[in-house]
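This report examines one protein chain, element by element. The reader is invited to keep the sequence and the model in view while following the text.

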Amino acid sequence: MSAPQKKTAGRSLLVTSAAALSSLALTAPVALAAPSPSPSASPSATPPAKMSNVGGSRLGQAGTQVNLASGVPVLPKDITARSWIVTDAESGDVLAAHNAHWRLPPASTMKMLFADTVLPKFAKTEKHKVVPSDLAGMGAGSSLVGIKEGETYTVHDLWLGVFLRSGNDAVRVLSAMNKGVAKTVTEMNEHAEELQALDTHVVSPDGYDAPGQVSSAYDLTLFARSGLQKKDFREYCSTVTAKFPGETKKDKKGKTVRKPFEIQNTNRLLSGDYDISQYQGIAGVKNGNTTNAGATFTGVAERNGRVLLVTVMHPSKEEHNEVYKETAKLFDWGFKAAGKVQPVGELVPPKGAAQSSAQPGDAGEAGGSGDSAGSGASAKHVASATADGGSRGMGTAIAITGGLLVLLAGAALLVNRRWPLPDLVRRRSSRP
């Protein structure tokens, strides 16, 4: 798969002194975290009275939090999700939220944390031959991309399987390459703590329902925002269709062949469906659905230079594609309200943000090995959708910029305060 055509990304940097840096609130006090997750596998239909205050005290309150004022559009009234959050992806401002820190089963949206943790470890071109133990332990009814024992796949193939088909089999193989599920789960929990995603407890790397496995709309948004700093993550989560290696067989002439088959992204705001259009400006990120978690989704979209992240967890309305329909309504509200509504909280930066931002150019290119290779040539990315005669719309690479370059006398440390999303892929579609 060819990487999307890039423009030079503008960086929103603040030059400050070491004294000023020390005043940045990079670490949330442990006291603000909610109690340890219950081992119960069945979430209550009522949010707890006490939730985490990470990102602001209002985010720990039950119910809808929004600062409505003159000129601010009213929130859509038909949102049935147990929990949701609308944020500015660049600044981190939380524009509105509903039970943002409610710990709920995340389903396959947990794969965003898996990818953000494991993606940087392996080059796209690295190959792996699947053995039976690689696929052991998958839950009954798991979503699969179709990995076969004895076949060899590139890391690039496996990540396509994770992002497009939400393949638990692809997650298991990558976990095996990472020295096992247990090690991967430990690393995911450590990474969640580094991101200050304190509502999250990982039990299974693929998000399959497991006792005690929880996250929150707030934490899932942190995972998406962190992952989107990585070029490969952005590329995979915005890919609509791709070719995936099939099983090696002999054709009618006795010749050994391995024909690929097409896979499509199950994110319906990206791929569309009979009852929902592709959302204008959508660029990922990840969906999920299990019996216990219901439908979950985190999406990122850009419109008129504004980039928003929306997470929706477990709509109670049982209509087809309801999680996407409610997400689209919240996106619509967010784009209308952005710049008018006062935030109710913020997305906190990782604990190590001060250290990593000393080299701001690294954040946008972390993860993976750069341009795709091998089977990537067959993948259809939104940035090259014109190859389909425009039927999938035109995507372009954009550079997200914002904030002022503030120069303070004697300063020597660069702090990337606004976490810009470099080269974020934008998808244009027919949705107004």
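## A group of aromatic residues

Trp159 and Phe163 are both buried in this predicted model. The two residues stand 4 positions apart in helix α3, which spans residues 155–165, so about one helical turn separates them. The centres of their rings are 6.2 Å apart and the ring planes meet at 50°, so this pair is tilted. A pair counts as stacked when its planes are under 30 degrees apart, and as edge-to-face when they are over 60 degrees apart.

Phe163 also pairs with Tyr236: the ring centres are 5.9 Å apart and the planes are at 20°, so this pair is stacked. The pairing connects distant parts of the chain, since Phe163 belongs to helix α3 and Tyr236 to helix α7 (residues 231–237), with their positions 73 residues apart. Tyr236 is buried, as is Phe163. Which residues make up the aromatic cluster? The cluster is formed by Phe114, Trp159, Phe163, Phe233 and Tyr236. In total, the structure contains 9 aromatic pairs.

An aromatic ring can also have a charged side chain over its face. Arg258 is placed over the face of Tyr153, at 4.8 Å from the centre of the ring.

## The enclosed helix α2

Phe114, a member of the aromatic cluster, is also one of the buried residues of helix α2. This helix covers residues 111–118, and 8 of its 8 residues are buried, so the rest of the structure largely encloses it. The buried residues of α2 include Lys111, Asp116 and Thr117, together with Met112, Leu113, Ala115 and Val118.

The loop between β4 (93–98) and α2 contains Asn99. The phi angle of Asn99 is near 50°, a positive value in a residue that is not glycine. Asn99 has a relative accessibility of 4% and therefore counts as buried.

## Asp206 and its surroundings

Asp206 is located in the loop between α5 (181–194) and α6 (217–227). Is Asp206 buried or exposed? Its relative accessibility is 0%, and Asp206 therefore counts as buried, the limit for this class being under 20%.

Leaving out residues up to four places away in sequence, Asp206 touches Ala107, Ser108, Lys111, Asn168, Val171 and Arg172. Among these, Lys111 is a buried residue of α2. The side chains of Asp206 and Ser204 are joined by a polar contact of 2.5 Å. Asp206 and Val181 are 25 residues apart in sequence, and their C-alpha atoms are 9.8 Å apart in space.

## The largest pocket

The largest pocket holds about 600 Å³ of space. Of its 31 lining residues, Gly288, Asn289, Thr290, Gly294 and Ala295 are the closest to its centre. Strands β11 (282–290), β12 (294–303) and β13, along with helix α9 (322–337), each contribute at least two residues to the lining. Which of the elements gives the most to the lining? That element is β11, with 4 residues.

Strand β11 also contains Val285. A cis peptide bond, with omega at about 20°, connects Gly284 to Val285.

## His314 and the loop before its strand

His314 is part of strand β13, which runs over residues 306–315. With a relative accessibility of 18%, His314 counts as buried, because the limit for burial is under 20%. Its side chain reaches the backbone oxygen of Ala293 at 3.1 Å. Apart from neighbours within four places in sequence, His314 is in contact with Thr80, Ala81, Arg82, Asn292, Ala293, Gly294, Ala295 and Thr296. Two of these partners, Gly294 and Ala295, are also listed among the residues closest to the centre of the largest pocket.

The loop between β12 and β13 holds Asn304. Asn304 is not a glycine, yet its phi is positive, at about 55°. Asn304 has a relative accessible area of 78% and is exposed, whereas Asn99 is buried.

## The chain as a whole

The protein chain has 10 helices and 18 strands. Of its 432 residues, 56% are buried. Considering contacts in the chain with a separation of 6 or more, 73% are between residues 24 or more positions apart. The pairing of Phe163 with Tyr236, 73 residues apart, illustrates how distant parts of the chain are linked.

Terms used. Residues are numbered from 1 along each chain as its sequence is written. This is a predicted model: local features need pLDDT of at least 70, side-chain atom pairs count only at pLDDT 80 or more; totals for chains, interfaces and linings use all residues. Side-chain values use heavy atoms; hydrogens and water are left out. Buried means under 20% relative accessible area, exposed over 50%, partly exposed in between (1.4 Å probe, protein chains only). A polar contact is a pair of N or O atoms within 3.5 Å; within protein, one must be able to donate a hydrogen and the other to accept it, and residues adjacent in sequence count only if both atoms are side-chain atoms. Contact means heavy atoms within 4.5 Å. Rings of Phe, Tyr and Trp (its six-membered ring) pair if their centres lie within 6.5 Å; planes under 30 degrees apart count as stacked, over 60 as edge-to-face and the rest as tilted. A charge sits over a ring if NZ of Lys or CZ of Arg is within 6 Å of the ring centre and within 35 degrees of the ring normal. On a 1 Å grid over the protein atoms alone, a cavity is a set of points where a 1.4 Å probe fits but cannot get out, and a pocket is an open set with protein on both sides within 12 Å along at least five of seven lines; lining residues have an atom within 4 Å of a point. Grid points are joined across faces, edges and corners, and a volume is the space filled by probe spheres set on the points.
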